[in-house]
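Got the model loaded in your viewer? Here's a quick tour, one selection at a time.

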Amino acid sequence: MSAALWLRTIVGLVALLALLAGVTLFGVWWERKFIGHLQRRRGPLHHGWHGLLQLPADMIKMIAKEDTVPTAADSLLFQFGPVAAIVPAYAALAALTFAPGIALIDMQHGLLYVFAWETMLPLAFALIGWSCANKFTLIGGLRAAAQLISYEIPMLLAALGVVLTAQSMNLTTIINAQTGWWYVFKQPLGFVIFSVAMLAEMNRSPFDLPEAESELVAGYMTEYSGMKFGFVQLAEYSVLLVGSYLIAALFLGGWNMPFLPASWLWLALKIVLLMTSTMWFRGTFPRLRVDTLTQMSWKWLLPAALVNIMLVAALALWLGPKVY
Amino acid sequence: MVNFPRSEATGGTETLLLNVGPQHPSTHGVLHFMLEMAGETVVTAKPVIGYLHRGIEKLAENRTWQQVIVLTDRQDYVAQFSNEWAYCRAVERLAGIELPERAEWLRTLMGELNRITSHLIWYAGVTMDIGTLGTPFIYAWETRERIFDFFEAVTGARMMPNWMRIGGVRTDIDPALLADLRTFLERDFPKECDTYEALLTGNEIVVSRMKGVGVYTAEECVHLGITGPFLRASGLARDLRRDAPYGAYAKLDFEVCTDPVGDSLARCRVRLRELRESARMCIQLIDGMPEGDIAVKVPKALKPPAGDCYVRTESPRGELGVFVASDGTTRPYRYRVRSPIFYGLSAMPRLLPGHLLADMLVIFGGIDTSMGEIDR
């Protein structure tokens, strides 16, 4: 590799890490603020302007905390758990295109690459749940595995509809194909399926079963403290970012905006709005039960996703790639 | 450590012993559940109580009759006035003390307001148990805080009022405060109730989770001595406020809320309707509040004649019974409480098996458990 490519890769990786950390910090603050206002209170206020310094304070607290390992835990796996969670979450960011030409790698099969890494996460969560030697984390980890696997299938099938129409797995091509009508108008069913399944992938309410505070204390991450907890949290927010990005890129036109010039700002705005709506759900909805959760995926979303694919394929054949 | 035998429920594999509590986010105090789980399904459930035992019944024997009132507040810290009231009524009956009309009305008003705050805590707890992030919780807390402001203005304390006295009440209520409260109950409270209903019984996910979950028939309830909203949600209209009226209840117009279904959702509906009923009763109490003394003169060294008596009241959780025995001295010989939700909790080993872990918390949170009252 040439020196320029090395430099570009390293700068890109650092930039992505900064993005992930920034999104996590902003996300935590915004979540506390937004849900606070939903609950007729004001959220963090004391440290800095409207509690903005709460985040550095939390970070210092997290880093300074004692790193405890339960006696009965499988020490090696316990230490490895956060790594197993953060690596796929971080690696998936590499293929995201944030503006025309702005991506670490503009991969030909970027979408496949992102999904491939995201699929690794349930494995990490199940691993964490198992390694802690705690019954609550075990149940949480197994719930995470069951939930993420059952929702991945309708999600991928819904994304396949977009791939069929855009005739590419490259994210830039997919977004550029939406300069006219966004795919949300062309494939509304696909959008609904993809969003619901993505919400489940994000472990967000009403699908927050793996964490289920009232039932499982904190689910699979119950035993983690300090920076280990921080890494798991980072992975969760990375999924939130990637998920919101994918909904925005696949269905909401990415950086396109009707009547206005394309800009990365639109993409950022859409991502923030999508993240905010997940927080809104979190502030409003109770949790689904584990049996209704899996039933919803296998009995409703999966058949609907199959219908969606056939519909999209038929329309694409009938109307041709220029129109649909 | 308990070793469970290989269970048929799991197809011959071992079951899992899951200790929910005493340190767990949703144990409503410090309850410990020993659950035998087959996957996520409860096979057997065993509640372990006593973590909040303070020996209130024994402590009472070393205090004068009046000094016990302060303990009754702490007995069930969610329904303070109901507990004071039950104790005071028992001692008054034992000593043959007649109360002025106004004292009875004031007590009834506070008792009903207390029912509202208690049901709001139940609401806050059950919505947390079912997995919301605390939005309905905070809404309920806000209204409760509004009523607590009133308690504070009247009694000087938000939670531990120590307000009722043997022979009456400690302080009178200012008419301006009553007018203020009436406006709140008439104008704002029904709107709040609409919100509560929309967020609980009006939510699709909640209905799907609670419908048909934890069904208990009226007959089973009667066998276990379960009373209050738990029993009324199983279709039996039994309410001491109507069946054995005390205080000012005989002069009030109110409905005993029942529901024929007997599942978790029915228990929610009954309590939510009771919120509105209680507010309606409070308005009647404020409007009809008689003038007069708030207490009769009772000797400081009260010596009820030797004997005993048992008094029943309808607390927010059901039939709260108080038994007091006197040996003719200034201290109770025996003080014993029949705490209603203890009987509700004793239904859990029969109610929970077969349900999922998530259902278990909804069922047990839905009966309005208060460990302070169970352990005493």
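**Stop one: chain B**

Select chain B and think about its contacts (C-beta atoms, placed from the backbone, within 7 Å): of those with a separation of 6 or more, 70% join residues 24 or more positions apart. Before going on, a word on ground rules: this is a predicted model, where local features need pLDDT of at least 70 and side-chain atom pairs count only at pLDDT 80 or more, while totals for chains, interfaces and linings use all residues. Chains are lettered from A and ligands numbered from 1 in the order in which they are written, and residues are numbered from 1 along each chain as its sequence is written.

Now switch on the cartoon for chain B: you get 15 helices and 8 strands, both being DSSP runs numbered from the N terminus (helices H or I, at least four residues; strands E, at least two). Its radius of gyration is 21 Å, close to the 21 Å from the globule rule for 376 residues, so chain B is as compact as a globular protein of that length. That radius is taken over C-alpha atoms, and the rule is 2.2 Å times the number of residues to the power 0.38. The C-alpha trace of chain B spans about 70 × 50 × 35 Å along its principal axes.

**Stop two: chain A**

Hide chain B and select chain A. What does its secondary structure come to? You'll find 12 helices and 0 strands. Here the radius of gyration is 20 Å, close to the globule rule's 20 Å for 324 residues, so chain A is as compact as a globular protein of that length. Along the principal axes, the C-alpha trace of chain A spans about 65 × 50 × 50 Å.

Definitions and conventions:
Contact = placed C-beta atoms within 7 Å.
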